[in-house]
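The following questions and answers concern a single protein chain. The sequence and the structure are shown first.

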Amino acid sequence: MSKTKEGDEKAGQGDCPPDKSISVSVLFGCADSTDVMLMVLGTLGAVGDGASLPTLLLFVSHLFNSLGNIGTGLMHRVDQIALDLTYLAIAVLFAAFLEGFCWSKTSERQVLKMRYKYLEAVLRQEVAFFDSQEATTAEVVDSISKDTALIQEVLSEKVPLFLFHTSQFFSGLIYATYFAWRLSLAAFPALILLALPGIAYGKYLLHLSHKSFSEYSKANTIAEQALSSIKTVYASTAEKNIVERYASILYQTTKLGTKKGLAKGFAVGSSGITFAIWALVAWYGSLLVMNDGAQGGQIYAAGLSIVTAGQ
């Protein structure tokens, strides 16, 4: 049994995800000129969509300042701001459409080419490859479906979402500096405190996911070996021992799940720093209004831009 256990551990280690990192450019290896054009348009749409909220705050700050200065030209200024907001809504609609359509279309095109190349690579294998247990028809079809579906999800959702948040972060900082540069400098350290828990949670979650994948691979190996030699297991009355080994490995995954829950709770709870940032914005912004003649609309827009960039 000790030899079997060592074999299980080696098999589980062999199923672990490789540590060798792969360049992100590999995902776009099947892109042609049409896909490049679609990705460029989708990137422009994602950047514009991400910068839409800070741009909205630009007009909102003008609106608040106009409402605070009631005069003869109030309604004219409000009408102009309302018209500008309408133009912004049309621009955001167009940018969001480009973001969703272009990345979804190019992901379908590239994944289709990947499926062809994947199948061609499988068909080029020797006959002995298809006689192995790992190369059954179901395994090949399942592998193609899972891998390409994962790549399509990355291209159609994860990449534009990353571009959206990156644009929102930098545009938020730029607009905050434009509205009230003193306030943005004062609140920038708090912005780092808002972003650090999310970064730490992402790295820790990746570490736990690798460990969980390793433990599940060991458990699957035990189950496969037991089922493939079920007669031997019954003959040697080793059912209880195998079940105990299988349960002990699953217990480790349960502990990892608890750690994931604690890490996620810490990351979500750290969003309370947002209220502390607003307290800082309210206190220092009031000083800027009283001493430096800053306008309330600009202070509000700068604070919201900083918080939005951090989230």
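Q: At what angle do helix 2 and helix 3 pack?
A: The model is a predicted one. In it, helix 2 covers residues 33-50 and helix 3 covers residues 52-68. Their axes are 4 Å apart, and the packing angle is about 40°.

Q: Are helix 2 and helix 3 parallel, antiparallel, perpendicular or oblique to each other?
A: The angle between the two helices is about 40°. Angles under 35 degrees count as roughly parallel, and the roughly perpendicular range is 65 to 115. The angle lies in neither range, and helix 2 and helix 3 are therefore oblique.

Q: Which residues of helix 3 meet helix 2, and how do the residues of this contact divide by class?
A: On the side of helix 2, the residues are Gly48, Asp49 and Gly50. Their partners in helix 3 are Ser52, Leu53 and Pro54. By class, the contact has two nonpolar, three polar and one charged residues.

Q: How far from the C-alpha atom of Asp49 is that of Ala91?
A: Ala91 belongs to helix 4, which spans residues 74-123. Its relative accessible area of 42% makes Ala91 partly exposed. Along the chain, Ala91 and Asp49 are 42 residues apart, while their C-alpha atoms are separated by 8.8 Å.

Q: Is Thr55 buried or exposed, and which residues does Thr55 contact beyond its sequence neighbours?
A: Thr55 is placed in helix 3. Its relative accessibility is 17%, and buried means under 20%, so Thr55 counts as buried. With neighbours within four places in sequence left aside, the contacts of Thr55 are Leu88 and Tyr175.

Q: How many helices does the protein have?
A: Read along the sequence, the pattern is α-α-α-α-α-α-α-α-α-α-α. The protein has zero strands, and its helices number eleven.

Q: What percentage of residues 36-65 is helix?
A: UniProt, in an unreviewed entry, places the feature "transmembrane region" at several spans, including residues 36-65 and 265-285. For residues 265-285, the end C-alpha atoms lie 32 Å apart, with 86% helix and 0% strand. For residues 36-65, the end C-alpha atoms are 44 Å apart, strand is 0% and helix is 97%.

Q: Why is helix 7 described as roughly antiparallel to helix 10?
A: Helix 7 (residues 181-228) and helix 10 (residues 273-291) have axes 10 Å apart and pack at an angle of about 170°. Angles over 145 degrees count as roughly antiparallel, so the arrangement of helix 7 and helix 10 is roughly antiparallel.

Q: How many nonpolar residues are in the contact of helix 7 with helix 10?
A: Helix 7 contributes residues including Arg182, Leu183, Ala186 and Leu194, and helix 10 contributes residues including Ile273, Thr274, Tyr284 and Leu288. The contact has one charged residue, two polar residues and 13 nonpolar residues.

Q: What is the handedness of the crossing of helix 7 and helix 11?
A: The axes of helix 7 and helix 11 (residues 296-310) come within 9 Å and cross at roughly 25°. That angle makes the two helices roughly parallel. The crossing of helix 7 and helix 11 is right-handed.

Q: How many charged residues are in the contact of helix 7 with helix 11?
A: From helix 7, the contact includes Leu183, Ser184 and Ala187, and from helix 11 it includes Ile299, Ala302 and Gly303. The residues divide into nine nonpolar and three polar, and the number of charged residues is zero, that is, no charged.

Q: Which residues touch Glu215 beyond its sequence neighbours?
A: Glu215 is part of helix 7. With a relative accessibility of 18%, Glu215 counts as buried. Leaving aside neighbours within four places in sequence, Glu215 is in contact with Ile249, Gln252, Thr253 and Leu256.

Q: Which residues does Gln298 touch, not counting residues up to four places away in sequence?
A: Gln298 lies in helix 11, and at 28% relative accessibility Gln298 counts as partly exposed. The C-alpha atoms of Gln298 and Ala180 are separated by 6.7 Å, although the two residues are 118 residues apart along the chain. The residues touched by Gln298 are Ser61, Asn65 and Phe179.

Q: What percentage of the contacts between residues at least 6 apart in sequence join residues at least 24 apart?
A: Of the 311 residues of the protein, 31% count as buried. Among contacts between residues at least 6 apart in sequence, the part joining residues at least 24 apart is 84%.

Note on methods:
Residues numbered from 1 in each chain as written. Predicted model: local features only at pLDDT ≥ 70, side-chain atom pairs only at ≥ 80, totals over all residues. Heavy atoms only, no water. UniProt positions renumbered as here; feature names shortened; annotations may be inferred. Axes fitted to C-alpha atoms, helices over the stretch in contact; angles between N-to-C directions. Contact = heavy atoms within 4.5 Å. Nonpolar A, V, L, I, M, F, W, Y, C, P; charged D, E, K, R; others polar. Left-handed = near helix turned anticlockwise from the far one by under 90°. Buried < 20%, exposed > 50% of the residue type's maximum accessible area, 1.4 Å probe, protein only.
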